[in-house]
Amino acid sequence: MMTFDYYDGVTHDMAAATQTAATGLVSQLKGVWPGKTDAQYWNQVGIIEMNGQDDYANDTGNLSAEVFTLANATTVTNWAKAKGIGALSFWALQRDNGGCPGQAPGERNCSGVAQSTWQFSQLMRSFTSGATNSPTPSASASSASPSTPSSPSPSVSTPAGTAWEAGTAYKVGQIVTYNGKRYQCRQAHTAIVSWEPPNVLALWLPL
């Protein structure tokens with residue numbers, strides 16, 4: 001689930017909004033698939049955040065209503081580990097830098113908040129690494145490697161990987177190449193423009 005772009009004109013604590021949305025999803029899952037444990041329901045939840053300013057800032061110029069901050073990243077990561085959710089990621093890796101602090105991200109190549117490069121990645125990486133969060137980066141602090149939720153066992157794969165292409169239906173485990181790098185599909189989906197593998201790490205695992 002994507003926990004951003006609410007577009008309701010209300011100023012949000014994006015960490016609290018994430019927890020509220022995920023709790024609502026778990027309630028729905030219990031109605032659809034009764035009989036599981038709470039841990040099993042939470043493990044079915046996957047969350048994608050928008051690191052920094054989301055699209056609401058671009059479209060309205062409101063820079064305070066929907067901002068996923070570095071502090072939010074720490075809060076959500078610790079909460080996600082405690083709940084045992086299945087996946088935690090953010091959209092998107094190329095935004096994980098402080099190239100446009102205090103501005104709407106515009107072309108979406110920066111976060112719109114003051115940060116060091118890869119700080120969201122550093123802060124949030126402990127979701128999978130088991131490290132303890134510190135007030136450093138959020139998805140990966142000193143490493144340029146983004147947070148990578150645990151990858152599913154591949155059910156379909158190709159030897160070297162075919163080139164990623166919008167409009168293609170991908171299955172879990174399929175391997176593609178994009179800009180000279182290989183990625184493995186995490187979730188079955190039909191690709192669209194803007195869902196290129198490096199931009200949507202919830203769908204693609206870098207190899």
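**Exercise 1. Overall make-up**

Task: State how many helices and strands this predicted model has, and what share of its residues is buried.

Solution.
Step 1. The secondary structure consists of six helices and 10 strands.
Step 2. The protein has 207 residues, and 44% of them are buried.
Step 3. The accessible surface comes to about 9,600 Å². Carbon and sulfur atoms account for 53% of that surface.
Step 4. Take the contacts between residues at least 6 apart in sequence: 46% of these join residues at least 24 apart.

**Exercise 2. The sheet with strands 7 and 8**

Task: Work out the strand order of the open sheet of four strands, and find which strands stand at its edges.

Solution.
Step 1. Strands of a sheet pair through backbone hydrogen bonds, in a parallel or an antiparallel sense.
Step 2. Begin with strand 7 (residues 175-178) and strand 8 (residues 181-185), which run antiparallel and are joined by four bridges. Within this pairing, Thr177 has Arg182 as its bridge partner.
Step 3. Look at the connection between the two strands. Strand 7 and strand 8 form a hairpin with two residues between them. Asn179, in the turn, has a positive phi of about 50°.
Step 4. Move on to strand 10 (residues 204-206), which pairs with strand 8 in the antiparallel sense over three bridges. Here Cys185 stands opposite Trp204, and Tyr183 stands opposite Pro206.
Step 5. The order of the open sheet is 5-7-8-10, and its pairing is mixed. Strand 5 (162-163) and strand 10 each have a single partner strand, so they stand at the edges, and one side of each is left without a neighbour in the sheet.

**Exercise 3. Salt bridges**

Task: Find the salt bridges of the whole structure and say, for each residue in them, whether it is buried or partly exposed.

Solution.
Step 1. Side chains of opposite charge can pair when their charged atoms come close. A search of the whole structure gives two salt bridges.
Step 2. One of them joins the side chains of Asp38 and Lys30, with an N to O distance of 3.0 Å. Asp38 has 46% relative accessibility and counts as partly exposed. Lys30, at 35%, is partly exposed too.
Step 3. The other is between Asp55 and Arg108, whose closest N and O atoms are 3.0 Å apart. This pair links distant parts of the chain, with the two positions 53 residues apart in numbering. Asp55 belongs to helix 3 (residues 55-60), while Arg108 sits in the loop between strand 4 (87-90) and helix 5 (119-124).
Step 4. Buried means under 20% relative accessible area. Asp55 has 13%, so this residue is buried. Arg108, at 36%, counts as partly exposed.

**Exercise 4. Two asparagines in helices**

Task: Locate Asn58 and Asn72, and list the residues that each contacts beyond its neighbours within four places in sequence.

Solution.
Step 1. Asn58 lies in helix 3. Its relative accessible area is 23%, which means partly exposed.
Step 2. Outside its sequence neighbours, Asn58 is in contact with Ala104, Pro105, Gly106 and Arg108.
Step 3. Consider Gly106 in this list. Asn58 and Gly106 are 48 residues apart in sequence, yet their C-alpha atoms are 5.9 Å apart in space. The side chain of Asn58 reaches the backbone nitrogen of Gly106 at 2.7 Å.
Step 4. Asn72 is in helix 4. With a relative accessible area of 10%, Asn72 is buried.
Step 5. Asn72 is in contact with Asp13, Met14, Ala15 and Val67, its neighbours within four places again left aside.

**Exercise 5. The largest nonpolar core**

Task: Name the residues of the largest nonpolar core that touch the most other members, and the elements that each supply at least two residues.

Solution.
Step 1. In soluble globular proteins, nonpolar side chains tend to be buried together.
Step 2. The largest nonpolar core has 41 residues, of which Val45, Ile85, Leu88 and Trp204 touch the most other members.
Step 3. Elements that each supply at least two residues of this core include helix 1 (14-32), helix 2 (38-43), helix 4 (70-83) and helix 5. Strand 1 (46-49), strand 3 (67-68), strand 4 and strand 8 do so as well.
Step 4. Take Ile85 as an example. Residues up to four places away in sequence not counted, Ile85 touches Trp42, Asn43, Val45, Ile47, Ala80 and Phe127.

Notes. Residues are numbered from 1 along each chain as its sequence is written. This is a predicted model: local features need pLDDT of at least 70, side-chain atom pairs count only at pLDDT 80 or more; totals for chains, interfaces and linings use all residues. Side-chain values use heavy atoms; hydrogens and water are left out. A salt bridge is a side-chain nitrogen of Lys or Arg within 4 Å of a carboxyl oxygen of Asp or Glu. Buried means under 20% relative accessible area, exposed over 50%, partly exposed in between (1.4 Å probe, protein chains only). Two strands pair if DSSP finds at least two bridges between them. Contact means heavy atoms within 4.5 Å. Accessible areas come from the Shrake-Rupley method with a 1.4 Å probe; for residues, only the protein chains shown count as cover. A polar contact is a pair of N or O atoms within 3.5 Å; within protein, one must be able to donate a hydrogen and the other to accept it, and residues adjacent in sequence count only if both atoms are side-chain atoms. A nonpolar core is a set of buried Ala, Val, Leu, Ile, Met, Phe, Trp, Tyr and Cys residues joined through side-chain atoms within 4.5 Å.
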